[in-house]
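Visitor: I would like to go through this entry and ask what justifies the terms used for it.
Guide: Go ahead; each term will be set against its value.

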There are 2 protein chains.
Amino acid sequence: MRLLKVSALAAVVGFQAMNSAQADEGMWLLNAPPLQTLKERYGFQPTSAWLEHVQKSAVRFNSGGSGSFVSADGLIITNHHVGADDLQKLSDEKHNYLRDGFHVKSRAEEIRCVDLELNVLMSIEDVTARVNAAVKPGASAADSFAARRAIKSEIEKESLDKTGLRSDVVTLYQGAQYQLYRYKKYTDVRLVFAPEQQAAFFGGDPDNFEYPRYDLDICLFRAYENGQPAKMEHFLKWSEAGAADGELVFVTGHPGSTSRLFTYAELADARDRRVPKVLDWLKAQEVLLISYGGRSTENARRARDLLFSYQNSRKAYDGELAGLLDPKVFQKKQAEEERLKKLAAERPELADVRAAWDEIAAAQKIIAQTSQRYNFLERFADRSSSLLAIARELYRSATEKAKPSGQRLREYRDSNRASFELALFSDEPIYNDLEQVRLTAYLTQLATEFGADDPVVLAALDGKSPRERATELVTGTKVKDVTVRKALYAADSVALEKAVGADPMLALARAVDGAARMARKTIEEQSEAKEQAQSKIARVRYALDGTSVYPDATFTLRFAFGTVKGYAEDGAQVPAFTTIEGMYTRSAAHAGREPFDLPARWLAQEGKVKLSTPMNFVSTADIIGGNSGSPTLNRAGEFVGIIFDGNIQSLVADFAYTDTQSRALSVDARAIIETLRNVYDAGELANELLGKK
Amino acid sequence: MRLLKVSALAAVVGFQAMNSAQADEGMWLLNAPPLQTLKERYGFQPTSAWLEHVQKSAVRFNSGGSGSFVSADGLIITNHHVGADDLQKLSDEKHNYLRDGFHVKSRAEEIRCVDLELNVLMSIEDVTARVNAAVKPGASAADSFAARRAIKSEIEKESLDKTGLRSDVVTLYQGAQYQLYRYKKYTDVRLVFAPEQQAAFFGGDPDNFEYPRYDLDICLFRAYENGQPAKMEHFLKWSEAGAADGELVFVTGHPGSTSRLFTYAELADARDRRVPKVLDWLKAQEVLLISYGGRSTENARRARDLLFSYQNSRKAYDGELAGLLDPKVFQKKQAEEERLKKLAAERPELADVRAAWDEIAAAQKIIAQTSQRYNFLERFADRSSSLLAIARELYRSATEKAKPSGQRLREYRDSNRASFELALFSDEPIYNDLEQVRLTAYLTQLATEFGADDPVVLAALDGKSPRERATELVTGTKVKDVTVRKALYAADSVALEKAVGADPMLALARAVDGAARMARKTIEEQSEAKEQAQSKIARVRYALDGTSVYPDATFTLRFAFGTVKGYAEDGAQVPAFTTIEGMYTRSAAHAGREPFDLPARWLAQEGKVKLSTPMNFVSTADIIGGNSGSPTLNRAGEFVGIIFDGNIQSLVADFAYTDTQSRALSVDARAIIETLRNVYDAGELANELLGKK
């Protein structure tokens with residue numbers, strides 16, 4: 001399952017680069033589609049109306065994932081594992097929607113998600129000249145970073161004030177382009193339908209990233225405006241016929257991050273340090289949650305979504321690491337680097353590029369030294385305790401709000417305020433016991449990572465053992481209460497400093513803040529230095545490969561294409577399609593044992609459901625984490641399936657695309673209609689999807 | 001569960017020190033029991049006949065654990081989790097004895113274990129003077145290490161030749177004593193009875209190391225001599241009455257390793273590096289095996305024992321780390337160290353001791369730098385692939401056999417040959433798919449630990465990805481075949497070098513051998529340097545505390561004592577005993593869900609079994625990993641229970657003993673008889689245990 005959220009953990013630096021594409025490679029911008037390739041390879045020429053239509057039907061899940069509008073009444077389809085975060089937050093001790101699914105017959109019963117924000121891309125504006133003009137020639141990386149942050153913040157605020165739309169300045173092609181993306185936001189989003197997790201994630205961890213597969217990995221939401229279902233101008237028409245073997249398909253969605261233009265030094269660092277370190281952390285989290293969940297059914301419910309996402313990321317990173325340890329990947333990278341260096345050495349106008357590789361290696365070295373401190377103090381901290389994440393946001397808000405927007409840590413900029421507050425004031429359930437267990441583990445890891453005598457560790461533990469400290473923090477803090485959060489958020493820094501004295505979690509946030517900011521500053525500045533060097537290398541690449549390029553993924557809307565096509569593995573041919581019947585067969589082969597057990601409803605309806613219905617299929621489209629829930633379209637722009645995973649061979653896609661065995665996995669549109677009707681008794685939803693009354 | 005095998009992983013250096021005991025502390029030598037303490041605290045004076053009887057009734061499981069003789073016909077009782085290794089090796093696709101248990105009505109059907117060796121301590125001889133005489137005064141750590149290794153080897157060989165008994169020179173009190181231990185060996189050991197793993201390990205990983213508990217963690221074997229059940233002079237009489245609350249009890253068994261006399265520097269290194277590193281490795285193994293086991297029931301069976309032992313160790317180390325991160329542990333250590341340093345500074349005759357702490361810190365620093373290389377190349381390698389372990393032993397045998405016994409790596413010494421060959425020619429099942437998965441993980445970890453460009457990694461991977469290389473190794477090697485092993489073992493080094501060319505696994509063993517030996521040499525020499533310094537510190541301790549001391553655990557027979565006694569936790573009192581009824585109640589509270597499910601037999605017999613029978617109980621006896629399966633005895637030396645675990649509060653016992661909450665867990669002798677009779681229909685075994693016909 002290729003969910004963005006945790007997969008992006010290790011991508012300390014979101015990297016963008018100009019890529020010269022081969023075969024069906026590419027995560028293309030919708031305003032710069034590969035028209036020539038499409039025409040030559042497939043005889044297909046998308047019109048601008050076609051492109052606008054698929055763009056405005058695409059939905060970004062801010063929680064990390066993709067989706068699309070599929071009815072005139074604001075119905076949205078995404079993956080079950082993208083909706084899992086919302087299903088978990090809506091569940092309680094009596095209702096386990098994540099495990100058991102959700103279905104209501106009337107719209108009045110659709111339930112509102114706790115803190116979900118959806119974005120639809122409305123317009124793109126080039127602001128490259130304005131951003132670059134803000135940076136003085138010859139500025140240091142630190143100054144350049146500060147200047148760019150300030151101007152981006154200014155542009156965003158201006159745009160928000162003018163249009164009311166969420167406005168993000170997006171860096172593409174390593175800073176060769178800065179584009180202002182404007183999004184329409186939906187924050188009243190309601191849950192409409194979810195299957196049981198058994199059906200959505202049939203085969204569980206063992207089958208994850210494998211193929212053939214049999215997963216009904218879908219979840220339906222509805223966007224509301226002014227308390228009514230949103231009326232859509234753009235939504236995808238559903239294809240009753242589905243896709244055929246060998247057919248051209250498209251994927252529109254939000255790939256999170258790729259690093260295909262890493263230099264050799266960066267790639268070696270990812271292989272030898274970055275990915276292994278994240279794997280250590282993920283495996284520790286996984287063991288912790290399995291152990292916690294094993295204590296009772298209720299514990300298992302509380303940990304379910306988290307555990308799933310850690311297991312998913314672990315399997316993804318294990319696959320990525322396996323790819324990185326293939327010597328061929330490095331041989332290729334070396335050859336490519338030599339090709340570029342050769343040209344740089346030959347052409348006098350590229351003389352200033354020659355040092356770029358060493359500059360990147362030097363910056364990467366500093367990043368490598370700081371990275372664990374940054375990870376533990378900034379990122380893992382927030383991911384290890386909801387209460388700590390909240391306390392930190394409250395503590396920092398007071399400091400950051402006192403600064404001009406352009407000088408703040410980026411998430412505190414004015415134009416992001418509404419999204420920031422939506423998350424901060426979320427009513428999501430927080431369980432003290434789970435917080436305590438996770439915080440104990442976090443403090444333990446902090447101590448062992450830096451040594452128990454490290455000043456930041458001493459400050460964090462405050463003379464106690466991790467377990468004692470975690471207990472004190474969780475039972476002593478008041479930030480679980482949303483009213484308290486609102487009051488603290490409204491407070492100035494003097495009032496907040498006073499509150500810190502009475503709240504241990506706020507005190508912890510303060511205790512690590514200096515060290516955390518210092519690590520973050522180093523990472524951000526060195527990333528800027530790398531970007532500057534990378535944009536020089538991009539000139540060499542441009543000189544060699546011209547304009548047939550796409551930027552690395554940045555969780556912005558992209559457009560991929562490919563062919564529905566099986567592949568050869570271990571000497572056998574894996575067909576492109578599976579059927580519903582295959583799911584029953586596979587379950588029977590495992591004697592119905594978890595995770596190959598079928599929901600009761602599926603067992604009861606085996607005689608009614610049409611077993612030959614196509615269930616999942618694969619295509620060569622170029623996807624990555626964040627593409628989860630992306631619609632798969634045919635030439636007519638109709639919905640033929642929904643992306644939910646990549647196979648194990650695709651896991652190296654962060655660094656390189658191949659179409660030999662690497663495949664994108666979709667749930668077939670036909671399986672969705674068939675099971676809504678004949679398994680879930682949800683004919684009204686099937687009708688809505690098909691545009692029938 | 002306190003199993004020695006994997007717990008000992010991190011104990012890179014087996015540490016011995018003189019401990020001054022408090023309360024019920026102590027893992028005492030049977031030839032130096034704490035007579036005065038026992039008399040003063042408990043009014044108990046064991047006679048030498050009593051001591052000899054319990055000594056000769058005690059059994060050491062060479063696979064890691066303890067047990068005892070409990071009938072005149074050679075019946076042995078140990079824990080299910082100690083016998084697990086044998087149950088796993090005797091199982092196949094059709095028989096899952098580890099999961100389902102084992103019981104035969106007639107002795108003729110008892111089945112012989114694949115490679116189990118049991119040891120019974122017969123005599124002890126002081127050889128301190130002879131060992132010390134071999135070391136030249138002022139010798140370097142390297143020379144001293146070599147000299148000691150040679151003389152120990154010589155003494156052992158001499159003793160073996162003379163007595164025919166297994167002979168081990170054991171280091172006690174930091175080299176203040178060297179003792180020759182002679183063991184009677186049993187290698188024809190047959191499986192008699194095992195309950196279902198559900199009953200033995202009821203509550204699974206969540207309940208592991210917890211209390212109250214309800215585990216029938218037992219397994220019965222029988223020693224055979226000349227094809228007949230061994231006739232025992234010494235075996236424990238079974239107590240029908242069991243132990244009572246507040247009663248004095250004894251534990252005889254083989255605690256694996258403690259580090260209670262670590263200096264501050266060593267303790268800090270354990271906390272900040274050693275334990276966290278082992279935990280990273282264990283968690284990665286656990287995730288790997290859960291993932292592999294999830295693919296099918298047969299996979300789960302193949303991985304079962306390994307998974308259990310990794311989970312068990314992980315929980316033990318997590319607890320140990322939690323203890324190490326308690327600042328009080330370090331405050332105490334510091335105070336103790338200051339007390340010793342003060343005396344050393346005051347007394348002129350202790351002048352040569354003053355540098356000892358710095359010497360240890362310096363040696364520890366070198367060990368810390370080398371330790372991961374040593375772990376990965378020596379220890380984790382063998383634990384990651386049975387085939388690699390075999391190939392290495394074959395490869396090294398040729399080299400080692402060419403040297404005089406005293407100069408060989410210690411496991412290749414002449415006096416150890418029989419035990420070594422028993423393991424090397426073991427018929428234990430080896431599964432290629434599991435080997436491949438584990439070897440892939442090992443090679444991946446090797447690459448990420450040292451960097452893919454490290455020479456030893458390049459040599460190990462031979463230009464391939466870990467997965468490709470693992471496939472080639474497992475499918476290409478011939479050492480799975482015991483006949484091939486025997487032929488290679490008989491070969492000289494020239495013939496073996498030739499075989500290496502044709503067998504990739506042997507080639508891998510050779511490729512890493514130089515680096516592995518180098519790392520091992522460093523660790524062994526620095527450990528010797530630490531021992532020399534520690535034995536100086538021992539003189540200070542002796543000057544302060546006199547003779548009331550016991551040596552740190554070394555997997556030699558020890559004797560602990562304590563009181564059957566509950567404890568307070570989170571404001572409530574945890575009673576000393578649980579009952580069989582409690583097990584049914586706990587299962588029902590979890591709706592019979594795994595790992596709280598009861599075997600079918602238990603459910604069927606609920607009406608028949610006497611529910612008020614005591615099931616498990618706790619005492620203050622001082623135990624550690626390796627004590628698993630130790631008998632718990634009353635004053636009369638009768639069997640009242642069997643040690644199977646320590647509670648979570650006892651997990652810091654490697655470094656410090658406390659009796660406030662720390663408890664040793666036993667299965668009650670009465671539960672064993674009751675369930676043999678009324679759950680397992682094994683009245684004949686109950687009768688044999690009770691000495692009835």
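Visitor: Why are α16(A) and α18(A) called oblique to each other?
Guide: First, this is a predicted model. The axes of helix α16 (residues 432-450) and helix α18 (residues 466-476) of chain A cross at roughly 140°. An angle over 145 would count as roughly antiparallel, and 65 to 115 as roughly perpendicular. The pair falls in neither range, and α16(A) and α18(A) are therefore oblique. Their axes come within 8 Å, and the crossing is right-handed.

Visitor: What makes the contact between α16(A) and α18(A)?
Guide: From α16(A) come A:Asn432, A:Glu435, A:Gln436, A:Leu439, A:Thr440, A:Leu443 and A:Thr444. From α18(A) come A:Pro466, A:Arg467, A:Arg469, A:Ala470, A:Thr471, A:Leu473 and A:Val474. By class, 6 are nonpolar, 5 polar and 3 charged.

Visitor: Which residue in the loop between α17 and α18 of chain A has a positive phi?
Guide: That is A:Asp462, in the loop between α17 (455-461) and α18. Its phi is near 55°, a positive value in a residue other than glycine. Most residues other than glycine have a negative phi.

Visitor: At what angle do α14 and α15 of chain A pack?
Guide: Helix α14 (residues 386-401) and helix α15 (residues 417-424) pack at about 150°, with their axes 11 Å apart. Angles over 145 count as roughly antiparallel, so that word applies to this pair. α14(A) passes α15(A) in a left-handed crossing. Residues of the contact include A:Ile390 and A:Leu394 of α14(A) and A:Phe420 of α15(A). The contact divides into 4 nonpolar, 1 polar and 3 charged residues.

Visitor: How do you know what relation holds between chain B and chain A?
Guide: A rotation of 180° with 0.0 Å of shift along its axis superposes chain B on chain A, at an RMSD of 0.0 Å. That is the relation of a two-fold axis. The same surface serves both copies, since 100% of the contact residues of chain B recur in chain A.

Visitor: How many residues does each chain give to the contact, and what area is buried?
Guide: Chain B and chain A give 39 residues each. Between them they bury about 3100 Å², with 57% of it on carbon and sulfur atoms. B:Val287, B:Arg295 and B:Leu325 supply 19% of the area that chain B buries against chain A, more than any other three residues.

Visitor: What makes the peptide bond from A:Glu594 to A:Pro595 cis?
Guide: Its omega is near 0°. A:Pro595 sits in the loop between α22 (580-589) and α23 (600-604) of chain A.

Terms used:
Residues numbered from 1 in each chain as written. Chains lettered and ligands numbered in written order. Predicted model: local features only at pLDDT ≥ 70, side-chain atom pairs only at ≥ 80, totals over all residues. Heavy atoms only, no water. Least-squares fit on C-alpha atoms with pLDDT ≥ 70 in both. Contact = heavy atoms within 4.5 Å. Axes fitted to C-alpha atoms, helices over the stretch in contact; angles between N-to-C directions. Helix = DSSP H or I, 4+ residues; strand = E, 2+ residues; numbered from the N terminus. Parallel < 35°, antiparallel > 145°, perpendicular 65-115°, else oblique. Left-handed = near helix turned anticlockwise from the far one by under 90°. Nonpolar A, V, L, I, M, F, W, Y, C, P; charged D, E, K, R; others polar. Buried area = accessible area lost by both parts, 1.4 Å probe.
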